[in-house]
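Reader: I should like to learn how to read a structural model feature by feature. Could we proceed in the form of questions and explanations?

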Amino acid sequence: MELTHIEHLGIAVKSLEESIPYYENVLGLKCYAIEEVADQKVKTAFFKIGQTKIELLEPTSPESTIAGFLEKRGEGIHHMAFAVADGVANALAEVEEKGIRLIDKAPRRGAEGLDIAFLHPKSTKGVLTELCEPGK
Ligand code: CO
């Protein structure tokens with residue numbers, strides 16, 4: 001598998017509205033999109049720095065995994081996403097072969113129409129890891 005860069009960092013926040021001003025007014029980044037991902041019960045706000053995005057994640061339901069994360073750990077980095085050059089499905093097969101526990105057995109559709117899949121943090125040294133294939 002070939003990873004090319006950190007595609008995005010996912011950051012759990014209680015409120016996009018309260019968090020966006022920090023990224024815009026203090027860090028000087030620009031929120032270029034807000035998108036709801038119904039499948040994951042989150043609303044996301046996107047910023048870009050170089051090739052890497054910052055994706056703020058606000059839960060839209062108490063059943064969202066982000067709601068659970070906020071309750072247990074509070075606001076902060078939720079996951080790291082690597083861009084894969086040669087297909088998420090291939091990468092999943094390869095890491096599974098190496099004994100890594102998968103959350104997603106097959107790629108699914110994430111924000112911005114990316115193919116994404118998560119690896120279990122128990123297998124990845126505590127960092128919830130997402131593999132994704134940038135839009136084509
Ligand atoms: Co993500």
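Author: Let us begin with a single residue and its surroundings. Leaving aside neighbours within four places in sequence, Glu35 is in contact with Val42, Lys43, Thr44, Phe46, Ala111 and Glu112. Please keep in mind throughout that this is a predicted model.

Reader: In which strand does Glu35 lie?

Author: Glu35 belongs to strand S2. With a relative accessibility of 26%, Glu35 counts as partly exposed. One of its contacts can also be described by backbone distance: the C-alpha atoms of Glu35 and Phe46 are separated by 8.4 Å, and the two residues are eleven apart along the chain.

Reader: How should I read a helix? Which residues of H1 are buried?

Author: The general idea comes from helix geometry. An α-helix has 3.6 residues a turn, so residues three or four places apart point the same way. In helix H1, which spans residues 16-26, the buried residues are Leu16, Ser19, Ile20 and Tyr23. They lie on the same side of H1 because they cover an arc of only 105° around the axis. The face turned away from that buried side carries the exposed residues Glu17, Glu18, Asn25 and Val26.

Reader: Against which strands do the buried residues of H1 pack?

Author: Their packing partners are strand S1 (3-12), strand S2 (33-37), strand S3 (42-49) and strand S4 (52-59).

Reader: What is found at the start of H1, and which residue follows the helix?

Author: At the start, a side-chain oxygen of Ser15 comes to within 3.3 Å of the backbone nitrogen of Glu17. After the helix comes Gly28, with a positive phi near 75°.

Reader: May I apply the same reading to H2? Which of its residues are buried, and which are exposed?

Author: Helix H2 covers residues 65-73, and Ile66, Ala67, Phe69 and Leu70 are buried there. Because these residues cover an arc of only 160° around the axis, they fall on the same side of H2. Thr65, Glu71 and Lys72 are exposed on the other side. The cover over the buried residues of H2 includes S1, S3, S4 and S5. At the start of H2, a side-chain oxygen of Ser64 reaches to within 3.1 Å of the backbone nitrogen of Ile66, and the helix is followed by Gly74, whose phi is positive, near 80°.

Reader: How do I recognise a nonpolar core, and which residues make up the largest one?

Author: In soluble globular proteins, nonpolar side chains tend to be buried together. Here the largest nonpolar core has eleven residues in all: Ile11, Val13, Leu16, Ile20, Tyr23, Leu29, Cys31, Ala45, Phe47, Ile54 and Leu56. H1, S3 and S4 each supply at least two residues of this core, and the largest share, three residues, comes from H1. Val13, a member of this core, touches Ser19, Leu56, Leu57, Glu58, Pro59, Leu70 and Glu75, not counting residues up to four places away in sequence.

Reader: Cys31 appears in that core. How many disulfides does the structure hold?

Author: The structure holds zero disulfides. For Cys31, the nearest cysteine sulfur is that of Cys132, 18 Å away. No bond joins the two because that distance is too far for one. Cys31 counts as buried at 14% relative accessibility, and Cys132 counts as buried at 0%.

Reader: What should I examine for a charged residue such as Lys53? Is it buried or exposed?

Author: One examines its accessibility and its partners. Lys53 is placed in strand S4 and counts as buried, with 7% relative accessibility. Its side chain makes a polar contact of 2.7 Å with the side chain of Glu7. Beyond four places in sequence, Lys53 touches Glu7, His8, Leu9, Tyr32, Phe46, Phe47, Lys48 and Glu112.

Reader: Finally, how is a metal site read? Which residues coordinate the cobalt ion?

Author: One lists the donor atoms and then places them along the chain. The cobalt ion is coordinated by His8 (NE2), His79 (NE2) and Glu130 (OE), at 2.0 to 2.1 Å. Along the chain, these donors follow the spacing H-x70-H-x50-E. Distant parts of the chain are linked by the pair His79, in strand S5 (residues 76-84), and Glu130, in strand S8 (residues 129-133), which are 51 residues apart. Both His79 and Glu130 are buried.

How values were computed
Residues numbered from 1 in each chain as written. Predicted model: local features only at pLDDT ≥ 70, side-chain atom pairs only at ≥ 80, totals over all residues. Heavy atoms only, no water. Buried < 20%, exposed > 50% of the residue type's maximum accessible area, 1.4 Å probe, protein only. Helix = DSSP H or I, 4+ residues; strand = E, 2+ residues; numbered from the N terminus. Arc of directions from axis to C-beta. Contact = heavy atoms within 4.5 Å. Polar contact = N/O pair within 3.5 Å; in protein donor to acceptor, adjacent residues only side chain to side chain. Disulfide = S-S within 2.5 Å. Donors = N, O, S within 2.8 Å, 3.2 Å for Na, K, Ca; no water. Core = buried A, V, L, I, M, F, W, Y, C linked by side-chain atoms within 4.5 Å.
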